[in-house]
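Colleague: Could you take me through one part of this model in detail, the surface around the DNA? I'd like the criteria spelled out as you go.

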Number of protein chains: 2
Amino acid sequence: MSKELSTEEKIREAAKNVFIAKGFDGCTSREIAKASGMNVALVNYYFCSKKQLFKLVFEATMEDFMQSTVEVFKKDLSLESKMRIFIEREYEFLILHPDIPRFILSELSRGDKFEFDHAAILEKIADTGVLEELLDAQEKGIIRKIDLTNVMLMIMSNCQYPFMAKSLMKYLNGLTEEEYQERLTLQKQYVTEMLIGYLFIPKTNN
Amino acid sequence: MSKELSTEEKIREAAKNVFIAKGFDGCTSREIAKASGMNVALVNYYFCSKKQLFKLVFEATMEDFMQSTVEVFKKDLSLESKMRIFIEREYEFLILHPDIPRFILSELSRGDKFEFDHAAILEKIADTGVLEELLDAQEKGIIRKIDLTNVMLMIMSNCQYPFMAKSLMKYLNGLTEEEYQERLTLQKQYVTEMLIGYLFIPKTNN
DNA sequence: ATAAAATTTAAACGCTTGTTTAAAATTAGT
DNA sequence: ACTAATTTTAAACAAGCGTTTAAATTTTAT
């Protein structure tokens, strides 16, 4: 156990956990303070306000989430391999942080709460060259000519939703946490097959 | 315009809109009262507490959502037709009520807020006989032998996520509401093809 | 060792929250 | 028409909220 965290870092870490678990509206400054072992005044001493602390946490979480998965497209591999590895990474990440997609989409959908800087995230995606690679593959007839928004939606739907719907699915199907984890591992394999099978145009043998 | 709503109904309707838009934690009793044209005391006069009003709204919303789509499986059609119509209905419903999946999954994920009665929903699904039909189709080699939890996940992922991620996708791709609606219509067609193509085993010609 | 700076604390600030009260206004029953 | 029940209102309640204050403590620098 590394106890060598500064007060500021302790608060930031606690805030991240609490915000992701309960949302901005679902928690209090005092709750964050208590979770970090500090008191309320220190939260505002280091971060000025609950809102600003949230903004910091949200943007960092969003960047982490994107970064950890999208960077596979920088590698020198076939598009299909990259796609497979991307899905693999996405599931790996989400098994460790299953609440992040719901957190991001929930907070983002009530966007009046703060204006977040999406330029940084757009840049990280653009930097990987994934968009050009996909367009190029469409020109070459490797993958279907589908608007990239739809391609992204397909992949993200099949990666993120299974984690967002965990509570509901466990309810509906009467599964334990372990049983649901098993379904998730299977789901990863199924959606990989399904997505690759649908998006990639089979090579004709002649 | 039908103005002939009772006070109780006005509050219930307003509460539904406000809860779905902002979540339980994201709104106040006074906000709901104002949205219904009434005052705070009336909310508790008819519904005892914010929590109980929420419980009512949540369970009704959940039942509506399930009911409107799953009942297609009662019809006398081929499984493939039912699946196609199911997806069609789901998208139709979600175009009208795009915030409901996020609402349900968000509120459900912090389940300590109240215990909801999922038996009624389970029963509605069971009543359609969809589960038996799917298992039967698996036995007959019509669709892949995949755990039904995973089948449900696949379908729900591709129907609900595109609506849950609207804010994010509009951001990332710089789309207007109209442009995103167009993508959603295309998405419906793509995911129908993809899901049917993956889940159903092609008939061999011999 | 001492003074200055940074950190931590307990207490308080106005304000909003969910809920309740008690009186006023309306409706229903006879 | 009169009474009783129902509905609506304005006002108040304690509790909790985000934030601020000012004093106490610790750290840093000379």
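Modeller: Here is a walk from the DNA surfaces through one helix pair to the chain pairing.

First, the ground rules. This is a predicted model, so local features need pLDDT of at least 70 and side-chain atom pairs count only at pLDDT 80 or more, while totals for chains, interfaces and linings use all residues. Residues are numbered from 1 along each chain as its sequence is written, with chains lettered from A and ligands numbered from 1 in the order in which they are written.

Start with DNA strand D. It has 16 residues around it, and the closest are A:Thr28, A:Ser49, A:Lys50, B:Thr7 and B:Ala41. "Near" here is a C-beta criterion: the atom, placed from the backbone, has to lie within 6 Å of the molecule or strand. Chain A brings helix H2 (29-36), helix H3 (40-47) and helix H4 (50-70), and chain B brings helix H3 (40-47); these are the elements giving two or more residues to that surface. Helices and strands are DSSP runs numbered from the N terminus, H or I with at least four residues for a helix and E with at least two for a strand. H3(B) gives the most, with 4 residues. By class, the surface near DNA strand D has 7 nonpolar, 6 polar and 3 charged residues. For the classes, Ala, Val, Leu, Ile, Met, Phe, Trp, Tyr, Cys and Pro are nonpolar, Asp, Glu, Lys and Arg are charged, and the others, Gly among them, are polar.

Now over to DNA strand C. Of the 16 residues around strand C, A:Thr7, A:Ala41, B:Thr28, B:Ser49 and B:Lys50 come nearest. At least two residues each come from H3 of chain A and from helix H2 (29-36), H3 and helix H4 (50-70) of chain B. H3(A) has the largest share here, 4 residues. The class split near strand C is 7 nonpolar, 6 polar and 3 charged.

Zoom in on two of those helices. H2(A) and H3(A) pack at an angle of about 95 degrees, with axes 8 Å apart; the axes are lines fitted to C-alpha atoms over the stretch in contact, and angles run from 0 to 180 degrees between N-to-C directions. That makes the two helices roughly perpendicular, given that 65 to 115 degrees counts as roughly perpendicular, under 35 as roughly parallel, over 145 as roughly antiparallel and the rest as oblique. On the H2(A) side, A:Ser29, A:Arg30, A:Ile32 and A:Ala33 meet A:Val40, A:Leu42 and A:Val43 of H3(A). Contact means C-beta atoms, placed from the backbone, within 7 Å. This contact has 5 nonpolar, 1 polar and 1 charged residues.

What about the pairing of the chains? 43 residues of chain A are in contact with 43 residues of chain B. On chain A's side, the elements giving two or more residues are helix H6 (100-109), helix H9 (148-164), helix H10 (166-173) and helix H11 (177-199). H9(A) gives the most, with 11 residues. Chain A can be laid on chain B with an RMSD of 0.0 Å by a turn of 180 degrees and a shift of 0.0 Å along the axis, superposing by least squares on C-alpha atoms of residues with pLDDT of at least 70 in both. The two copies are thus related as by a two-fold rotation axis. The same surface serves both, as 100% of the contact residues of chain A recur in chain B.

How values were computed: Contact = placed C-beta atoms within 7 Å.
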